[in-house]
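User: I am new to this structure and would like a close look at its strands and sheets. Please take me through how they are arranged and what their side chains touch.

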Amino acid sequence: DGVVLPCNVTGNPSPTFDWLKEGRKIVSLDFWVGESGSLSLLEAKRQHAGLYTCVARNKIGNLTTNVILDVQYKPSIIEMSLGRMVVAEHSFVLMCRGDG
């Protein structure tokens with residue numbers, strides 16, 4: 001699903017906006033900044049989760065605000081044991097590591 005992170009800031013003169021993710025300026029084509037300063041993302045993925053900071057600037061000063069994006073996702077299997085041969089009436093362990 002798509003997501004819009006608002007940056008509801010006004011100023012005179014009108015501010016310009018930059019967005020940071022985890023302290024680094026966003027330069028990805030996955031995102032775009034609207035005229036109101038909101039950050040839009042067409043499809044949120046796991047790697048998009050994190051702390052976002054909106055920086056609004058004009059010649060008088062600047063203002064920052066933070067937003068945390070939490071992206072939920074379905075479980076996935078990371079590693080799974082392949083077939084094993086075992087001796088009857090002996091214990092064994094099958095491994096299945098997952099994420100999500």
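Analyst: What follows goes through the sheets first and then through some side chains in and around them.

This is a predicted model, in which local features need pLDDT of at least 70 and side-chain atom pairs count only at pLDDT 80 or more, while totals for chains, interfaces and linings use all residues. Residues are numbered from 1 along each chain as its sequence is written, and side-chain values use heavy atoms, with hydrogens and water left out.

Strands here are DSSP runs of E with at least two residues, numbered from the N terminus, and two of them pair if DSSP finds at least two bridges between them. An open sheet of four strands has the order 3-2-6-7, and its pairing is antiparallel. At its edges are strand 3, residues 24-25, and strand 7, each of which pairs on one side only. Strand 2, residues 16-21, is joined to strand 3 by two bridges, the two strands running antiparallel, and leucine 20 has lysine 25 in strand 3 as its bridge partner. Strand 6, residues 50-58, and strand 7, residues 61-69, also run antiparallel and are joined by nine bridges. These two strands form a hairpin with two residues between them, and valine 55 stands opposite threonine 64 of strand 7.

Another open sheet has three strands in the order 1-5-4, again with antiparallel pairing. Strand 1 (3-5) and strand 4 (31-33) each have a single partner strand, so one side of each is left without a neighbour in the sheet. Neighbouring strands of this sheet are turned against each other by 20° on average, direction ignored, where the axes are lines fitted to C-alpha atoms and angles run from 0 to 180 degrees between N-to-C directions. Strand 1 pairs with strand 5, residues 39-41, over three bridges in the antiparallel sense, and valine 3 has leucine 41 of strand 5 as its bridge partner.

Turning to the side chains, the count of aromatic pairs comes to one, taking rings of Phe, Tyr and Trp (its six-membered ring) as paired if their centres lie within 6.5 Å, with planes under 30 degrees apart counted as stacked, over 60 as edge-to-face and the rest as tilted. The ring centres of phenylalanine 31 and tyrosine 52 are 6.0 Å apart and the planes stand at 55°, so this pair is tilted. It links distant parts of the chain, with phenylalanine 31 in strand 4 and tyrosine 52 in strand 6, 21 residues apart. Phenylalanine 31 is buried at 13% relative accessibility, and tyrosine 52 is buried with a relative accessible area of 0%; buried means under 20%, exposed over 50% and partly exposed in between, with a 1.4 Å probe and protein chains only.

Histidine 48 lies in the loop between strand 5 and strand 6 and, at 6% relative accessibility, also counts as buried. Leaving aside neighbours within four places in sequence, its contacts (heavy atoms within 4.5 Å) include Phe31, Leu41 and Leu69.

Asparagine 66 is in strand 7 and touches Leu51, Tyr52 and Thr53, not counting residues up to four places away in sequence. Its side chain makes a polar contact of 2.6 Å with the side chain of threonine 53, a polar contact being a pair of N or O atoms within 3.5 Å, where within protein one must be able to donate a hydrogen and the other to accept it, and residues adjacent in sequence count only if both atoms are side-chain atoms.
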